[in-house]
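Please open the model in your viewer and keep a selection panel to hand. The stops below say what to select next and what is to be found there.

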Amino acid sequence: MNNLHAPTVPSGPTSTPTTNGTSGHLSFAELQQKKDNVEAELKALGGVLDSHGVDMDTPLLTRDGFPRSDIDVAQIRTTRARIIRLKNDYKEIMAKVEKFLHEHFANAGEATENAPTATAGASGILPDSETQSLDPPFAKVNSVAASSPAEAAGLKAGDEIRNFGYVNRGNHDGLKKVAECVQGNEGSNIFIRVSRPSGVASREELRLTLTPRRNWGGRGLLGCHITPL
């Protein structure tokens, strides 16, 4: 009875891993759809818990160790178990999305380097010919703390962010998705694209790799402050 509020099923992923690595061959659109589906179900399940006036940590036993009679203990346990498994699925999906983006832009970078018109320049700077294909910026870096993960990645105050992992102008949701991306990729690389002022009337486009981490000596996982444009 002491574990009555624990999940009734294992807290692993909801789906069985696909053999021969075929799960890694989903298209970006398919991964995005899976992500949206998981987010929608997590929101619905959160609503179920809210309707009972509980969350993931609310005790389901009385002080005497008996099941509470004022809530549906069985439904709450089942809902919690599903949420745990979906969160594991979500983390796996986000890892695949990040991997897809890294591979995609790595291949694009190799193609640029091997192009006959490529010219020598600073590492990570995109050629002007690619400007038309870039996503519009959706956020601006206001400040960067010294010795922070953001500084290590090369971010500077005034940079405008075009892409932050899988986040762009069309889906950033008031920068909420940026926060989700950061929290879901602690200790992992996140690919970002930024536009930086260069001179009076020009800008340079850069590819940077940011690794969120704790214990760098300051607050947060990044050490920078960004605001939506």
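Start by selecting lysine 35, which counts as buried at 3% relative accessibility, where buried means under 20% relative accessible area, exposed over 50% and partly exposed in between, with a 1.4 Å probe and protein chains only. This lysine is placed in helix 1; helices (DSSP runs of H or I, at least four residues) and strands (runs of E, at least two) are numbered from the N terminus. Setting aside residues up to four places away in sequence, lysine 35 touches Tyr90, Ile93, Met94 and Tyr166, a contact being heavy atoms within 4.5 Å.

Before going further, note that this is a predicted model, in which local features need pLDDT of at least 70 and side-chain atom pairs count only at pLDDT 80 or more, while totals for chains, interfaces and linings use all residues. Residues are numbered from 1 along each chain as its sequence is written, and side-chain values use heavy atoms, with hydrogens and water left out.

Now add glutamate 39 to the selection: glutamate 39 forms a salt bridge with lysine 35, and their closest N and O atoms are 3.2 Å apart. The term salt bridge stands for a side-chain nitrogen of Lys or Arg within 4 Å of a carboxyl oxygen of Asp or Glu. Both residues lie in helix 1 (residues 28–52), four residues apart, which is about one turn of the helix. Extend the selection to Asp36, Lys177 and Glu180, and you have the residues that, with Lys35 and Glu39, are linked in a network of salt bridges.

Next, colour the whole of helix 1, which has 25 residues and reaches 37 Å from its first C-alpha to its last, close to the 36 Å expected at 1.5 Å a residue; the expected span is 1.5 Å times one less than the number of residues. The buried residues of this helix are Leu31, Gln32, Lys35, Val38, Leu42, Leu45 and Leu49. Glycine 46 also lies in helix 1, but glycine 46 is partly exposed, with a relative accessible area of 22%. A distance drawn from glycine 46 to threonine 79 should read 8.5 Å, C-alpha to C-alpha, although the two are 33 residues apart in sequence. At the end of the helix, select glycine 53, which follows helix 1 and has a positive phi, near 70 degrees.

Move on to helix 2 (residues 73–114), where lysine 96 and glutamate 92 lie four residues apart, about one turn of the helix. They form a salt bridge whose closest N and O atoms are 3.4 Å apart. Lysine 96 counts as partly exposed at 21% relative accessibility, and glutamate 92 counts as partly exposed at 36%.

Which parts of the chain does the pair of arginine 196 and aspartate 159 tie together? Select both side chains, which meet in a salt bridge at 2.7 Å, N to O. Arginine 196 lies in strand 4 (residues 190–197) and aspartate 159 in the loop between helix 3 (149–153) and strand 3 (160–164), so the pair ties together parts that are 37 residues apart in sequence. Arginine 196 and aspartate 159 are both buried. Across the structure there are 11 salt bridges.

For the cysteines, select cysteine 181, which is buried with a relative accessible area of 0%, and cysteine 224, which is partly exposed at 22%. A search of the whole structure finds zero disulfides, a disulfide being a pair of cysteine sulfur atoms within 2.5 Å.

Zoom out and show the cartoon of the protein chain, which comes to four helices and six strands, following the pattern α-α-β-β-α-β-α-β-β-β along the sequence. Of the 229 residues in the chain, 34% are buried. Among contacts between residues at least 6 apart in sequence, 69% join residues at least 24 apart.

Finally, colour by pLDDT, the predictor's confidence in each residue from 0 to 100. The chain averages 77, and 76% of the residues score at least 70. Select residues 1–13, over which pLDDT stays under 50 and for which the model has 31 contacts beyond four places in sequence; then select residues 117–132, where pLDDT also stays under 50 and the model has 17 such contacts. Where pLDDT is low, the predicted coordinates should not be read in detail.
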